[in-house]
Amino acid sequence: MFILDAHLDLSMNAMEWNRDLRNDVPTLRNLEKGMTDKPDRERATVSFPDLRRGNIGIVVATQIARFVKPDSIIPGWNSPEQAWSQTQGQLAWYKSMEEAGQMTQITDKKSLLNHFNLWNDGTPNDNKPIGYILSLEGADSIIDISYLEKAYNYGLRAVGPAHYGPGRYANGTDATGKMNQNGIELLKEMERLNIILDATHLCDDAFWQALDHFNGAVWASHNNCRALVDHNRQYSDEMIKALVSRGAVIGGALDAWMMVPNWERGISDPKKMNCSLETAFKHMDHICQLAGNANHIGIGSDLDGAFGTEQCPYDLDTIADLQKLVLIFKNHGYSDEDLKKIFHQNWIDFLVKHWD
């Protein structure tokens, strides 16, 4: 099954984790033996060869750089200008991967369909470039509103206004409060430029405010269900229904703490907590039951989001194992047409509808 994964922090892994993603996952793990500076050392799950092995030909790939105040317990950059510069370094990495033939940027309907057809032309995918749609996770690095058009011009096509904690434009996970005037202006400029609003990470106050003020395309790249894991990072049933009414697609995330209740970072074990790909299915199925169909879910794994096999489903070794989800959905009665929608077509149709 061809897969479109709607959330991967590839540049963060390459730049901050110093991973050459042209290596396969076993090689990345071997290169990190004995390293302890990151919690997921020796436990990587994502690489270009493993994306190809899993028939994952298109990804929504992020830029990410948070601004934080001096007393913040959340890591980040001390000025918006530093955060912007960090995103530009990440952009340079994506461009270098294009020049190396590893990736190709997707920015409009034509490039999307051309790349989709390339990956489904019946020839081996071993050496085909990974198509990427550029997304900004947290808008703190947008120095002022004029920078959004600069970003659009280099290919940015989706923005999540918030990440963790309080942000310059919106408040995110574990924070509260509505958007300030800058946030409202950001939404207006996103709408003008036809940039997708990624509702992921918005706190409840900002979530409802954003839906009220933004009339453009909305998706949620990587979110699970509050009914199954009661935390503000997840969506309530009411929020899910609101997204469905807007025609959104919600990507299922594979970070264990979002999948099972009472997860303790650095302590809990996926096997002991019974965190499996079947668990991911339950979250995605819950959304389908609320929607009454399979038209509003997709894959948004976040598998390289600063965690590895220590904090993902125990039956997933690398991102190629996303293919196991196909059989899980099939075994639960989802039709072949549903499977096609879930693993790529919902995302494709969403973009075709909203892009020129």
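A salt bridge, as I use the term today, is a side-chain nitrogen of Lys or Arg within 4 Å of a carboxyl oxygen of Asp or Glu. E189 and R192 give us one, with their closest N and O atoms 2.8 Å apart. Keep that pair in mind. One caution before I go on: this is a predicted model.

First, the overall fold. The protein chain has 13 helices and 9 strands. Its C-alpha trace spans about 45 × 45 × 45 Å along the principal axes. How does the radius of gyration fit a compact globule? For 356 residues, the expected value would be near 21 Å; the chain has 19 Å, which agrees. Buried residues make up 60% of the 356. Now the contacts with a separation of 6 or more. Of these, 71% are between residues 24 or more positions apart.

Back to the salt bridges. A search of the whole structure finds 14. Side chains of opposite charge can pair when their charged atoms come close. I'll take three pairs and one network.

Pair one is E189 with R192. Both sit in helix α7, residues 181-193. They are 3 residues apart, so about one helical turn separates them. Are the two partners buried or exposed? E189 is buried, at 14% relative accessibility. R192 is exposed, at 51%. The cut-off for exposed is over 50%.

Pair two is K340 with E337. Here the N to O distance is 3.9 Å. The cut-off is 4 Å, so this pair still counts. Again we are in a helix: α13, residues 336-354. The spacing is 3 residues, about one turn. K340 is partly exposed, at 34% relative accessibility. E337 is partly exposed too, with a relative accessible area of 44%.

Pair three is K128 with D121. The closest N and O atoms lie 2.8 Å apart. Which side of this bridge is buried? K128 is, at 7% relative accessibility. D121 is partly exposed, at 41%.

Then the network. Salt bridges link R19, E32, D37, D40 and R41. Please find those five on the screen.

Next, the empty space inside. Rolling a probe the size of a water molecule over the atoms shows where empty space is left. How many cavities of 30 Å³ or more does the structure hold? It holds 3.

Start with the largest. It encloses about 70 Å³ of space. Its lining has 13 residues, and those closest to the centre are R66, G138, D140, A162 and H163. By class, the lining divides into 7 nonpolar, 3 polar and 3 charged residues.

Now the second largest. Its volume is about 40 Å³. What lines it? The lining is H7, S135, L136, E137, G160, A162, D198, T200, H201, S221 and H222. Strand β4, residues 130-137, gives the largest share of that lining, with 3 residues. The class count here is 2 nonpolar, 7 polar and 2 charged. One residue deserves a second look: A162. It is among the residues closest to the centre of the largest cavity, and it also lines the second largest.

To recap. The radius of gyration agrees with that of a compact globule. There are 14 salt bridges, including the E189 and R192 pair in helix α7. And there are 3 cavities of 30 Å³ or more, the largest holding about 70 Å³. Over to you.

Key: Residues numbered from 1 in each chain as written. Predicted model: local features only at pLDDT ≥ 70, side-chain atom pairs only at ≥ 80, totals over all residues. Heavy atoms only, no water. 1 Å grid on protein atoms, 1.4 Å probe; cavity = no way out; pocket = protein on both sides within 12 Å on 5 of 7 lines; lining within 4 Å. Points joined across faces, edges and corners; volume = space filled by probe spheres on them. Nonpolar A, V, L, I, M, F, W, Y, C, P; charged D, E, K, R; others polar. Helix = DSSP H or I, 4+ residues; strand = E, 2+ residues; numbered from the N terminus. Buried < 20%, exposed > 50% of the residue type's maximum accessible area, 1.4 Å probe, protein only. Rg over C-alpha atoms; globule rule 2.2 N^0.38 Å. Contact = heavy atoms within 4.5 Å.
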